[in-house]
Amino acid sequence: MGEFFTSAVLVSTVASGLRLSTSYLFAAVGETFGQRSGVLNLGVDGIMLLGAFGAYYTVLNGGGLWLGMVVAITVGLVMGLAMAFTSVTLQAEQGISGIGFYLFGLGLSDLLFQKLVGTPLPIRGFPELRIPFLADLPVVGEMLFSHSIVVYAAFLLVPVAAFVLNRTTLGLKIRSVGENPEAADTLGVSVAGVRYLTVMTGSALAGLGGAALATELGIFQQNLTAGQGFIAVALVYFGAWRPVGVMAGSLLYGLVASVVLQLKTLGIIPRSASELAAMLPAVLTILALVVAVQRERQPAALTKPYERGA
Amino acid sequence: MAETLPGTGGRGHGLDLAMRGIVKRFPGVLANDHVDFDVRRGEIHTLLGENGAGKSTLMKILYGLYRPDAGEIRIDGEPVQIDSPRRAIELGIGMIHQHFMLVPTLTVAENVALGLASPKGPLLDLAPVARRIEELSEAYGLRVDPGAMVWQLSVGEQQRVEIIKALYRDAELLALDEPTAVLTPQEVEDLFVTLRAMAAEGHSLIFISHKLHEVLDISDRITVLRNGRLVGTVSSADATKAGLARMMVGREVVLEQVRAPVEVGPPRLEIFDVRARGDRGTEAVRGVSLQVRAGEILAIAGVSGNGQRELAEVVAGLREATGGRVLIDGSDVTGADPGQRRALGLAYIPEERMRDGAIGQFTVAENLMLHDFDRPPFARHGFLDFAEIERHCRRLVADFDVKTPSLDTTMKSLSGGNIQKAILARELSANPKVLVASQPTRGVDIGATEYIHRRLLDQRARGTATLLISEDLDEILALADRIAVMYEGEVMDVVDRADADVGRLGLLMAGVRDSGT
Ligand SMILES: Nc1ncnc2c1ncn2[C@@H]1O[C@H](COP(=O)(O)OP(=O)(O)O)[C@@H](O)[C@H]1O
Ligand SMILES: [Mg+2]
């Protein structure tokens, strides 16, 4: 057990925790936008898978990492458009249609993978970007400032999202539409327009989250995300619909996952118990949710389609 | 064009509105049937009509929330198409909706700024908004704190925010859909001061209400709608309460019921030094003692929030008394649950009729049977006797004049007046010994109000002891034998109807005792 607490192990555990949080963070911050405007997108995981495949396939075929990211975002936008059309225009039951989108993404990403790739070949992700000076600091340098650009981007997204939601006229519209769409409508705010925008933004970020996962792991396979998108949805509740809260949740999740991984590698957790240990992050999330959800009120119009005069 | 920067002045006040031949159909209802309506600059024009007459529909058409099936709208003589609220705002139309359109989790300033461009482009800038709100507050007597969260505001304050929202957008015509339904008499006075100031500046105002004295008080002209059709437009100077009531209801209406003398019997409801806490945990009822005798109506007057609701709930068994005793027909029921109190002869008409009085998703029949469904003759050995239930419900619906398409209609699709009549039918069907009626006619139209008042007086003649809680002094003076005024959880005084006048009651409601006591 003492082995675990050597500083080298600790540093690498925290560093890998940050890396593991990245994909959750993209997806959950994206989902925050949608939920704040009143739309629950349960299809996040499917969109992540399609984004992951899009990026992986692009890189595999020599398109380069940046083009891979653009492809993932585009895939996300297209899926977001379809999702918004279903939930906002057709006013489908969001809990159900989201599951449909998930299954679609799960199936399609696997189908494309089997048809177009077949054997999983590794790709190279973004190189480690050591932040000058900061990366040389003892301990924290290695922990926080020696990551790929995707990791930094995910964490930078948090203050940006908080700023947009709280300090801009668009953010005010988003918050109003999620609380009382009728009030927003009577002031000439386009409820549908705002919701299309947030759902598409959220889906683009989900696509990016998938791409981050695929490029960091350097691989794609069937069901690569293994439910990360659903966890992301739960993290939005955990974070009480605030980007900073969502980040706290993602970090907790990533760190616990990383600790479990490290303990397994070091043989501290016996092989026989490793499946159980893998459940730990999920159990933690559920517990945290129980506490968080009692404390916070969700956006009043969440999952409720809006129709003028109805 | 659609967006107005804070601080920009108006574009000259007032506009002339003409709505011609407006038709609006909903499935199965002709909500507006060729309605003509116009408003002039500087005029307060009331739209009067029973619930369901089509007033809100006409206003939603004006505000671009509904498209009319036929008809024309002209502003200052020019025909206009109003296809969205945004267009209505552009044209200088503001609306205070019957249900407030506020976002409770935002501040006052945020609610006002919503949808407007900011001087800082995409960035919110609430400081100038707050300043302009303060200017408008000052100019129109609309006290409100721009930084307060809307959910913390009283209903009256929320209404002021709504008016400021419209003024901020330079509304030249302001339509207020039943703005007084939720206000105390004092708040109504304040609102009227604001409305008169706006009209004096040239604003055009549409006022909707079905309280006749208010309408006569505030209007220049009055247009009456009935069942979606225009009955007529009269000048307020030529109108009388009785005449307006006749136009609204389509028949003679008895506005003041005859209160025949009734022999009072023994005390049926006795309250001794009762104390109770309010929803926020502070003491709301502070040692109230009252007695109501058989054949007597004791009314509790007071500005809402002075402990009346809590007292009614203590009597009904829905709120725990922290001190004192409650007796129904001589039995101590202080610790008894609502069912036990009912068994002793208590009936209760709650203030929040859709929350505490009825189940909206249930049918009319199910709501009528809520208390009695598990007792003979309606149920035997755990099985419901549907034939008996239907017979009973048909009789109640007919006796109490509940206008419903069928017994299987869901309760929530009835109008407020009919929901209240259905609750009354259920509560009075057992001929209760004690009746607690909280705001029995709030939000209810004249026809139903007349009917409910008559029923309460009938019940009095049959020996029921009634505790009536009302904020409507007209109602209290029409029905009560004695009047207790509550202020800050205490009874200020109990006066006989014969000695009561509005001035004295008003002083007591404000917490001022007669000199010498
Ligand atoms: N959105 C709607 N759908 C269907 N029927 C409606 C709708 N709005 C109003 N109605 C019906 O139109 C009639 C007029 O309603 P309304 O304009 O709200 O009356 P008022 O405001 O005078 O009480 C009523 O019968 C009401 O049930
Ligand atoms: Mg109405």
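Entry 1. I began with the second largest cavity of this predicted model, and I asked where it lies with respect to the domains of chain B. Domain 1 (15–92 + 172–248) and domain 2 (105–169) of chain B both give residues to its lining, so I place the second largest cavity between them.

Entry 2. I then looked up the volume of the second largest cavity, which is about 100 Å³, and went through its lining, where I found B:Gly141, B:Leu142, B:Arg143, B:Gly156, B:Gln159, B:Arg160, B:Ile163, B:Leu183, B:Glu187, B:Asp190, B:Leu191 and B:Thr194. Helix 5 and helix 6 (185–200) of chain B each supply at least two residues of this lining. Sorted by class, the lining of the second largest cavity has 4 nonpolar, 4 polar and 4 charged residues.

Entry 3. Next I turned to the largest cavity, for which I noted a volume of about 130 Å³. Which residues lie nearest its centre? Of the 14 residues that line the largest cavity, those nearest its centre are A:Leu187, B:Tyr63, B:Gly94, B:Met95 and B:Ala166. The elements that give two or more residues to the lining of the largest cavity are strand 6 (93–96) and helix 5 (155–168), both of chain B. By class, I recorded 8 nonpolar, 3 polar and 3 charged residues in the lining of the largest cavity.

Entry 4. Finally I checked how many cavities reach 30 Å³ or more, and the count comes to 6. For my own record, I add that helix 5 of chain B gives residues to the lining of the largest cavity and also to that of the second largest cavity.

Methods
Residues numbered from 1 in each chain as written. Chains lettered and ligands numbered in written order. Predicted model: local features only at pLDDT ≥ 70, side-chain atom pairs only at ≥ 80, totals over all residues. Heavy atoms only, no water. 1 Å grid on protein atoms, 1.4 Å probe; cavity = no way out; pocket = protein on both sides within 12 Å on 5 of 7 lines; lining within 4 Å. Points joined across faces, edges and corners; volume = space filled by probe spheres on them. Helix = DSSP H or I, 4+ residues; strand = E, 2+ residues; numbered from the N terminus. Nonpolar A, V, L, I, M, F, W, Y, C, P; charged D, E, K, R; others polar. Domains from an automatic or database assignment.
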